[in-house]
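Got your viewer open and your mouse ready? Let's take a walk through this structure, one selection at a time.

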Amino acid sequence: MINNKKISKFAISIIEDLQKNKFQGYLVGGCVRDLLCGLNPKDFDIATDATPEQVRKIFKASRIIGRRFKLVHVFNRSELIEVATFRSGEISSNDGELVKDQSGKIIRDNIWGNLDQDTYRRDFTVNALYYCPKTKKIIGHKDGMRDIHKKIIVSIGDPRKRFSEDPVRSLRAIRFSNKLKFKIDTKIKDAIYEKGHLLSSISNARIFDEFCKMFLSGMAEKNFNKLNSFGLSKFLITTEPEQNEFTRKLLTESLRNTDKRLTNNQSVTPGFLLAAFLWPQLIEKCSMKGDINLRKFFRSMDPILRSQQRITAIPRKFHSYIKDIWVLQLKLHSRIGKQPYKTLKHPRFRAAYDFMLIREKSSGETKSLGKWWTDFQKNDENLKKSLISSLKEKSQHESFKTFGFSQELR
Ligand code: ATP
Ligand code: MG
């Protein structure tokens, strides 16, 4: 059923080493599911009955990580494999290793168990299959295979309880249904409506991880639409997508752009998407009668980033990236003298230019700033000079007033 050639050799060697040491070792979760669906897994996770400390002893290049959910990273030069110990998912002796809060949310889950128990603490039936590369047998949740064939995401146990334990599961259901082109079981849909609001209790670091998985895996536009249909986008983005037509289009276009880049094997970064998502807030804050107030523009950048930070921790390195993209939008408008040459040399020029094209597309603006910059990048000094002088006749100040910003606020 599963072709071992599609599996990372390193992952297989880890399983062999676990077995040599008299432990169990299986590929589990997303990689088994993806292989069964004919997709290439993005990573390979392993489950074992060895404790993290025992795993750590077997593999020299390994590290125990996590507190809430302890596991071992085993690595070689090019790969990193997560090895997780079977969990029971039950409060048994209650030695403080499985902790829930008042709402039933799991705060810590480090009670070891056997494979059967481990199956039931997983989120969805299709994610609870275990594969042994040696025997080539698949075991685990009894409905897993059936649901893969039926192409449906089904919760293990009552989804209302499971989503209370961990609200992120509702985001995962949405993501997997788009990735696999599976339906979402009705009980899960109801649970998302009922329990989705609990996402506000998830740490901003974890939401940032989900943000990246949601929007940087080639399914951004679809995921965004489905999130919106469940009313969940507000747990990932502080901008209200429906606040005006420009905002809705800008969000959609930037997500579509990200998907397209991934299809073309181009790089993507959460910084670009965040710059795009938050832009409507920035121009809203600084616009005065269709013109922009520069002082307000610069002063609003940090507060807008901070409010987004509260829901998705934005790693430091992206802050200056996002602000560069924003400030470069102004620079792209002012094309006096040597300024366009400087702007062109800016390390973030390309990203800022891409974003400006997206803004143009979304505002229905036809004043051709995009065209101007597309030409200005051409390796043709005479063309550059004539492009700059063609602007001299027009008032430079006008460019702020007439381009974009007023259109973008409608
Ligand atoms: P992908 O890696 O493609 O996003 P995945 O299913 O491998 O999908 P991971 O986050 O890598 O997702 O998790 C691996 C496995 O661990 C899952 O398949 C699932 O069995 C289990 N798992 C992960 N997160 C949760 C969760 N929040 N609740 C229950 N089980 C989970
Ligand atoms: Mg995975």
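Start by selecting helix 2 (30–36), helix 7 (168–180) and helix 9 (204–215): each of them supplies at least two residues of the shell around ligand 1. Before you zoom in, keep in mind that this is a predicted model.

**Stop 1: the ligand**

Which helix gives the largest share of the shell around ligand 1? That's helix 7, with five residues. Now show the whole shell, 18 residues around ligand 1, and pick out the ones that come nearest: Lys42, Asn127, Asp166, Arg169 and Arg175. Try colouring the shell by residue type, and you'll get one nonpolar residue, three polar ones and 14 charged ones.

Next, click on some individual side chains. Lys42 has a polar side-chain atom 2.6 Å from an oxygen atom of ligand 1. Select Arg172 too: an N or O atom in its side chain sits 3.0 Å from an oxygen atom of the ligand. For Asp45, the distance from a side-chain N or O atom to an oxygen atom of ligand 1 is 3.2 Å. Switch on a surface if you like: on its own, ligand 1 has 590 Å² of accessible area, and the protein covers 86% of that.

**Stop 2: rings in helix 9**

Stay with helix 9 and select Phe208 and Phe211, which both lie in this helix, three residues apart, or about one turn. Are they buried or exposed? Phe208 has a relative accessible area of 9%, so it counts as buried. Phe211 is buried as well, because its relative accessibility is 0%. Now add Phe215, Phe224, Phe277 and Phe318 to your selection, and you have one aromatic cluster together with Phe208 and Phe211.

**Stop 3: more aromatic pairs**

How many aromatic pairs does a search of the whole structure find? The count is 20. For one of them, select Phe86 and Tyr130: their centres are 6.4 Å apart and their planes make an angle of 70°, an edge-to-face pair. Trace the chain between them and you'll see that the pair links distant parts, 44 residues apart. Phe86 is in the loop between strand 5 (80–85) and strand 6 (98–100), while Tyr130 belongs to strand 8 (residues 129–131). Both Phe86 and Tyr130 are buried.

Now flip back to Phe208 and Phe211 and look at their rings. Here the centres are 6.3 Å apart and the planes are at 5°, so this pair is stacked.

**Stop 4: helix 11**

Select residues 245–263, which make up helix 11. Its 19 residues should span 27 Å at 1.5 Å a residue, and the end C-alpha atoms are indeed 27 Å apart, which agrees. Colour the buried residues of this helix, among them Phe246, Leu250, Leu251, Leu255 and Arg261. Then check the two ends. At the start, a side-chain oxygen of Asn244 reaches to within 3.3 Å of the backbone nitrogen of Phe246. Just after the helix, click on Asn265, where phi is positive, at about 60°.

**Last stop: helix 16**

Finish by selecting Arg359 in helix 16 (residues 349–363). Is Arg359 buried or exposed? Its relative accessibility is 0%, so Arg359 counts as buried. Show the side chain of His333 as well, and you'll find a polar contact of 3.4 Å between it and the side chain of Arg359.

Conventions
Residues are numbered from 1 along each chain as its sequence is written. Chains are lettered from A and ligands numbered from 1 in the order in which they are written. This is a predicted model: local features need pLDDT of at least 70, side-chain atom pairs count only at pLDDT 80 or more; totals for chains, interfaces and linings use all residues. Side-chain values use heavy atoms; hydrogens and water are left out. Helices (H or I, at least four residues) and strands (E, at least two) are DSSP runs, numbered from the N terminus. The expected span of a helix is 1.5 Å times one less than its number of residues. Buried means under 20% relative accessible area, exposed over 50%, partly exposed in between (1.4 Å probe, protein chains only). A polar contact is a pair of N or O atoms within 3.5 Å; within protein, one must be able to donate a hydrogen and the other to accept it, and residues adjacent in sequence count only if both atoms are side-chain atoms. A residue is near a molecule or strand if one of its heavy atoms lies within 4 Å of it. Accessible areas come from the Shrake-Rupley method with a 1.4 Å probe; for residues, only the protein chains shown count as cover. Ala, Val, Leu, Ile, Met, Phe, Trp, Tyr, Cys and Pro count as nonpolar, Asp, Glu, Lys and Arg as charged, and the others, Gly among them, as polar. Rings of Phe, Tyr and Trp (its six-membered ring) pair if their centres lie within 6.5 Å; planes under 30 degrees apart count as stacked, over 60 as edge-to-face and the rest as tilted.
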